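The report that follows is meant to be read beside the sequence and the coordinates. It begins with a single side chain and then moves outward to the fold.

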Amino acid sequence: MKIKQVEEIKEFLTPIANQVGVEIAEVEFKQGKNPALTVYIDKDGGIDLDLCEKFHNAIFDPLDELDPTFGVAYTLNVSSLGIDRPFKTEKDYLSHIDKKVEVKTKNSIKGKKFFDGILLKYDGKNIVVKVDEKTTLSLELKNVEKVNEYIDFE
């Protein structure tokens with residue numbers, strides 16, 4: 001199935017997102033038996049179901065005009081990335097400086113691949129995480145599989 005580039009779709013939808021007061025975090029298209037276009041949105045203060053519905057309604061007709069699948073039917077989904085979403089943008093990292101994060105590394109460090117601690121620094125290529133009073137890790141992002149906000153379920 002031929003589809004338009006997700007960057008083209010994101011660029012097309014960005015002015016609508018701005019009007020609704022959200023940011024498009026990611027656009028994803030899954031092909032197969034039931035093709036689906038999912039637009040992930042974000043906003044300071046969080047996303048709720050009403051905001052997802054409002055944005056869905058705002059983009060439904062304009063997407064028909066853009067015709068991202070060249071006439072093939074698809075399901076349109078609008079969602080938040082979720083509370084445990086991985087950091088992808090500079091904004092994700094910078095907004096979590098001095099906050100607790102979870103880090104999964106590609107290779108073991110001191111026998112571990114999972115760490116949690118306070119994100120002290122981000123420079124686009126590296127992060128620094130204070131794991132405990134005695135341990136601070138400086139990690140190259142190319143060696144990090146995932147960073148996300150620490151979620152305390154207690």
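Does Lys 142 count as buried or exposed? In this predicted model, Lys 142 counts as exposed, because its relative accessibility is 58% and the cut-off for exposed is over 50%. The side chain of Lys 142 meets that of Glu 140 in a salt bridge, with 3.8 Å from N to O. Glu 140, at 37% relative accessibility, counts as partly exposed.

**Overall layout**

The protein chain holds three helices and eight strands, and along the sequence these elements follow the pattern α-β-β-α-β-α-β-β-β-β-β. Of its 154 residues, 33% count as buried. Taken along the principal axes, the box filled by the C-alpha atoms is roughly 60 × 30 × 30 Å.

**Salt bridges**

The Glu 140 and Lys 142 pair belongs to a structure that holds nine salt bridges. Three of these pairs are set out below.

| Pair | Closest N and O atoms |
|---|---|
| Lys 88 and Glu 26 | 2.9 Å |
| Asp 44 and Lys 91 | 3.9 Å |
| Glu 140 and Lys 142 | 3.8 Å |

The salt bridge between Lys 88 and Glu 26 links distant parts of the chain, since Lys 88 sits in the loop between β3 and α3 (90-94) while Glu 26 belongs to strand β1 (residues 23-30), 62 residues apart. What does the salt bridge between Asp 44 and Lys 91 tie together? Asp 44 lies in the loop between β2 and α2, and Lys 91 lies in helix α3, so this pair ties together parts that are 47 residues apart in sequence. Asp 44 is exposed, with a relative accessible area of 65%, whereas Lys 91 is partly exposed, with a relative accessible area of 41%. Through salt bridges that share partners, Glu 23, Asp 44 and Lys 91 are joined into one network.

**Parallel strands and the crossover**

Strand β2 (residues 36-42) and strand β3 (residues 75-80) run parallel and are joined by six bridges. Within this pairing, Leu 37 has Leu 76 in β3 as its bridge partner. Between the two strands the chain passes through helix α2 (residues 49-66), and the resulting β-α-β crossover from β2 to β3 is right-handed.

The loop that leads from α2 to β3 contains Phe 70, a residue other than glycine whose phi is nevertheless positive, near 55°. At 42% relative accessibility, Phe 70 counts as partly exposed.

**Helix packing**

Two packed helices are described by the angle between their axes and the distance between the axes. Helix α1 (residues 6-20) packs with α2 at an angle of about 135°, and their axes are 10 Å apart. This angle makes α1 oblique to α2, and the crossing in which α1 passes α2 is right-handed.

**The antiparallel sheet**

Strands of a sheet pair through backbone hydrogen bonds, either parallel or antiparallel. An open sheet of five strands shows antiparallel pairing, in the order β7-β6-β5-β4-β8. At its edges are β7 (136-140) and β8 (144-149), each of which pairs on one side only. From one strand to the next, the twist averages 40°.

Inside this order, strand β4 (residues 100-109) pairs with strand β5 (residues 112-122) in the antiparallel sense over six bridges. Lys 100 stands opposite Ile 118 in β5. The loop between β4 and β5 contains Lys 110, whose phi is near 55°, again a positive value in a residue other than glycine. Lys 110 counts as exposed, at 72% relative accessibility.

Is Phe 115 buried or exposed? Phe 115, which lies in strand β5, is buried, with a relative accessible area of 10%. From C-alpha to C-alpha, Phe 115 is 8.3 Å from Thr 105 in space, and the two are 10 residues apart in sequence.

Notes:
Residues are numbered from 1 along each chain as its sequence is written. This is a predicted model: local features need pLDDT of at least 70, side-chain atom pairs count only at pLDDT 80 or more; totals for chains, interfaces and linings use all residues. Side-chain values use heavy atoms; hydrogens and water are left out. Two strands pair if DSSP finds at least two bridges between them. Helices (H or I, at least four residues) and strands (E, at least two) are DSSP runs, numbered from the N terminus. Axes are lines fitted to C-alpha atoms, for helices over the stretch in contact, and angles run from 0 to 180 degrees between N-to-C directions. A crossover is right-handed if, with the strands pointing away from the viewer, the path from the first strand over the helix to the second runs clockwise. A salt bridge is a side-chain nitrogen of Lys or Arg within 4 Å of a carboxyl oxygen of Asp or Glu. Buried means under 20% relative accessible area, exposed over 50%, partly exposed in between (1.4 Å probe, protein chains only). Angles under 35 degrees count as roughly parallel, over 145 as roughly antiparallel, 65 to 115 as roughly perpendicular and the rest as oblique. A crossing is left-handed if the near helix is turned anticlockwise from the far one by less than a right angle, and right-handed if clockwise.
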